[in-house]
Amino acid sequence: MNTQMISQRPANRIASILAVSALALGLSACGKNEDATVGQRLDSAVEKTEQAATDARIKAESAMQSAGNKIEQGTAGAESSAKQASNNAKDAINDATITAEVNASLAKDPDLSAVKINVDTVNGKVTLNGPAPSTVARDRAETIAKAVTGVTAVNNQLVVSAS
């Protein structure tokens with residue numbers, strides 16, 4: 001036999017004895033009642049992990065719902081603002097159109113065409129400022145302004161100038 005094999009034999013024997021002793025101790029420990037076995041501790045850890053995952057899912061769903069609500073509110077606010085801006089622009093265009101039509105109609109009248117009448121329109125309400133050659137021309141300017149589509153009221157501030 002080889003001298004190296006002879007020297008390894010006691011080491012192998014000691015290792016074998018230690019392994020068998022550890023196994024015997026492990027098996028004897030299995031028969032004793034401990035507070036929690038490895039399997040029970042593993043089950044407990046799995047249960048805690050599942051509960052933590054459920055809690056995290058609930059929190060994530062709640063956060064997503066909250067974010068969704070905020071997005072809906074923001075969208076509704078933006079939509080409302082856009083509608084308001086559209087209505088304001090539409091009103092401004094309508095007022096400008098009314099002013100232009102009143103000016104054009106006044107320019108067609110022979111008594112009023114030579115006179116400088118300032119026409120201002122806000123929300124369909126027309127205000128006439130400036131001179132008028134006569135009371136009849138003043139009243140006719142108001143009638144002309146009322147005849148324009150979109151006019152809701154006329155504030156006649158025309159002053160009859162002395163001739």
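Colour the chain by pLDDT, the predictor's confidence in each residue, from 0 to 100: among the elements of the chain, helix 1 (residues 3-30) has the lowest mean, 59, and strand 3 (residues 153-160) the highest, 92. Helices (H or I, at least four residues) and strands (E, at least two) are DSSP runs, numbered from the N terminus. Over the chain the mean pLDDT is 78, and 74% of the residues reach 70 or more.

This is a predicted model, in which local features need pLDDT of at least 70 and side-chain atom pairs count only at pLDDT 80 or more, while totals for chains, interfaces and linings use all residues. Residues are numbered from 1 along each chain as its sequence is written, and side-chain values use heavy atoms, with hydrogens and water left out.

**The sheet**

Select the three strands next. They make an open sheet of order 1-2-3 with mixed pairing; two strands pair if DSSP finds at least two bridges between them. Strand 1 (118-122) and strand 3 are the edges, and each has a single partner strand, so one side of each is left without a neighbour in the sheet. From one strand to the next, the twist averages 10°.

Zoom to strand 1 and strand 2 (residues 125-132), which run antiparallel and are joined by five bridges. Show Thr121, which stands opposite Val126 in strand 2, then Val122, which stands opposite Lys125. The two strands form a hairpin with two residues between them, and Asn123 in the turn has a positive phi of about 55°.

Now move to the other side of strand 2. Eight bridges join strand 2 to strand 3, and this pair runs parallel. Leu128 stands opposite Asn156 in strand 3, and Gly130 has Leu158 as its bridge partner.

**Helix 3**

Trace the chain from strand 2 through helix 3 to strand 3: this β-α-β crossover is right-handed, that is, with the strands pointing away from the viewer, the path from the first strand over the helix to the second runs clockwise. Helix 3 lies across strand 2 and strand 3, running at about 160° to strand 3. Axes are lines fitted to C-alpha atoms, for helices over the stretch in contact, and angles run from 0 to 180 degrees between N-to-C directions.

Select Ala137, which is in helix 3 (residues 135-146). Is Ala137 buried or exposed? Ala137 is buried, with a relative accessible area of 0%; buried means under 20%, exposed over 50%, partly exposed in between (1.4 Å probe, protein chains only). Leaving aside neighbours within four places in sequence, Ala137 is in contact (heavy atoms within 4.5 Å) with Asp111 and Leu112. Leu158 is 21 residues from Ala137 in sequence and 9.6 Å away in space, C-alpha to C-alpha.

**The core**

Finally, show the largest nonpolar core, which has 17 residues; those with the most contacts inside it include Val102, Leu106, Leu112 and Ile117. Such a core is a set of buried Ala, Val, Leu, Ile, Met, Phe, Trp, Tyr and Cys residues joined through side-chain atoms within 4.5 Å. Helix 3 gives the most to this core, with four residues. End at Ile117: outside its neighbours within four places in sequence, its contacts include Asn103, Leu128, Pro131 and Leu158.
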